[in-house]
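Q: Could you zoom in on one part of this model for me and talk me through it slowly? I'd like to start from a single residue and work outwards from there.

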Amino acid sequence: MKTIELNVNRKMYKVEIEEDMRLIDVIRDKLGFLGTKEGCGEGECGACTVIMDGETVASCLVMAFQAEGKEIITIEAMEDENGIDPIQQAFLDEGAVQCGFCIPGMVLSAKVLLDKNPTPNRSEIREAISGNLCRCTGYNKIVNAIEKAAKDLQGGE
Ligand code: FES
Ligand code: FES
């Protein structure tokens with residue numbers, strides 16, 4: 001066992017981990033942020049996507065100790081006292097959520113995209129979510145949602 005300090009959702013946590021614990025295990029099992037989903041466990045599906053130092057990572061492929069000193073953002077940080085984030089609202093408005101399993105990862109990939117490129121075209125959106133698999137929606141509504149979120153974040157033009 002070893003104790004590490006992690007910065008998750010802008011708060012510091014001291015957690016005891018096994019050396020071989022993955023970041024997703026700490027996020028879900030130690031910290032209780034259950035919005036991060038485990039699908040494949042092999043870096044293929046994107047359900048476990050979190051943001052680490054401004055970039056999306058598959059938290060099933062990152063060892064917990066590798067996240068020390070980094071800023072980790074999970075889907076829970078997308079909601080604050082003012083409610084859900086405009087990206088999440090756009091997913092609801094566009095009917096882009098079915099079972100919802102992929103959605104936390106999709107939203108976080110969309111956030112990283114829109115932080116870097118506030119006016120992406122549809123192919124840039126598709127590229128940004130290419131690591132996030134969805135079994136339900138056929139992707140069009142998700143792309144519509146991210147396009148709408150981009151407009152809403154620009155003030156709705
Ligand atoms: S659970 Fe991590 S990529 Fe699928
Ligand atoms: S909404 Fe079900 S996997 Fe995407």
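A: Let's start with A110, which has a relative accessibility of 0% and therefore counts as buried. Keep in mind that this is a predicted model. A110 sits in helix α3, so the rest of this tour begins with that helix, which runs over residues 103-116.

What does α3 carry besides this buried alanine? K111 and D115 are found in the helix, 4 residues apart, which is about one turn. Their side chains meet in a salt bridge, with 3.1 Å from N to O. Side chains of opposite charge can pair when their charged atoms come close. How covered are the two partners? K111 has 21% relative accessibility, and because buried means under 20%, K111 counts as partly exposed. D115 is at 53%, and the exposed class begins over 50%, so D115 counts as exposed. Put next to A110, which is buried at 0%, these residues show how the accessibility varies along α3: K111 is at 21% and D115 is at 53%.

Helix α3 also matters for the largest pocket. That pocket has a volume of about 160 Å³. β4 (55-58) and α3 are the elements that give two or more residues to its lining. The lining is made up of 14 residues, and T49, T56, S109, A128 and N132 are the ones nearest the centre of the pocket. By class, the lining splits into 5 nonpolar, 7 polar and 2 charged residues. If you want to find the pocket on screen, S109 is one of the residues nearest its centre, and α3 is where you were already looking with A110.

Now step from α3 across to α5 (140-153). A useful pair for this is A110 and E147: they are 37 residues apart in sequence, while their C-alpha atoms are 9.6 Å apart in space. E147 has a partner of its own, since E147 forms a salt bridge with R122, with the closest N and O atoms 2.8 Å apart. E147 belongs to helix α5 and R122 to helix α4, so this pair ties together parts that are 25 residues apart in sequence. E147 has a relative accessible area of 25%, so E147 is partly exposed. R122, at 30%, is partly exposed as well.

Staying in α5, you'll find another salt bridge, this one between K148 and D152, with 2.8 Å from N to O. K148 and D152 lie 4 residues apart in α5, about one turn of the helix. K148 is partly exposed at 25% relative accessibility, and D152 is partly exposed at 33%. Elsewhere, salt bridges with shared partners link R22, D25 and E38 into one network. In total, the structure holds 7 salt bridges.

Not everything in α5 is open to solvent by these numbers. A149 lies in this helix too, and with a relative accessible area of 1% A149 is buried. To get a sense of scale, compare its position with V62: the residues are 87 apart in sequence and 29 Å apart in space, C-alpha to C-alpha.

Just ahead of α5 comes the loop that separates this helix from α4 (122-128), and Y139 is found there. Its backbone is worth a glance: Y139 has a positive phi of about 75 degrees although this residue is not a glycine. With a relative accessible area of 23%, Y139 is partly exposed. N9 also has a positive phi without being a glycine, at about 50 degrees. N9 lies in the loop between β1 (2-8) and β2 (11-17). At 14% relative accessibility, N9 counts as buried.

Finally, go back to α3 and look at the loop that leads into it. V97 lies in this loop, between α2 (86-93) and α3. V97 is partly exposed, as its relative accessibility is 35%. Together with I84 and L92, V97 makes a nonpolar surface patch of about 230 Å². That brings you back to α3, the helix where A110 is placed.

Conventions. Residues numbered from 1 in each chain as written. Chains lettered and ligands numbered in written order. Predicted model: local features only at pLDDT ≥ 70, side-chain atom pairs only at ≥ 80, totals over all residues. Heavy atoms only, no water. Patch = residues over 30% accessible without salt bridge, like charges linked within 9 Å, V, L, I, M, F, W, Y side chains within 5 Å. Areas by Shrake-Rupley, 256 points an atom, 1.4 Å probe, with all protein chains shown as cover. Salt bridge = Lys/Arg side-chain N within 4 Å of Asp/Glu carboxyl O. Buried < 20%, exposed > 50% of the residue type's maximum accessible area, 1.4 Å probe, protein only. 1 Å grid on protein atoms, 1.4 Å probe; cavity = no way out; pocket = protein on both sides within 12 Å on 5 of 7 lines; lining within 4 Å. Points joined across faces, edges and corners; volume = space filled by probe spheres on them. Nonpolar A, V, L, I, M, F, W, Y, C, P; charged D, E, K, R; others polar.
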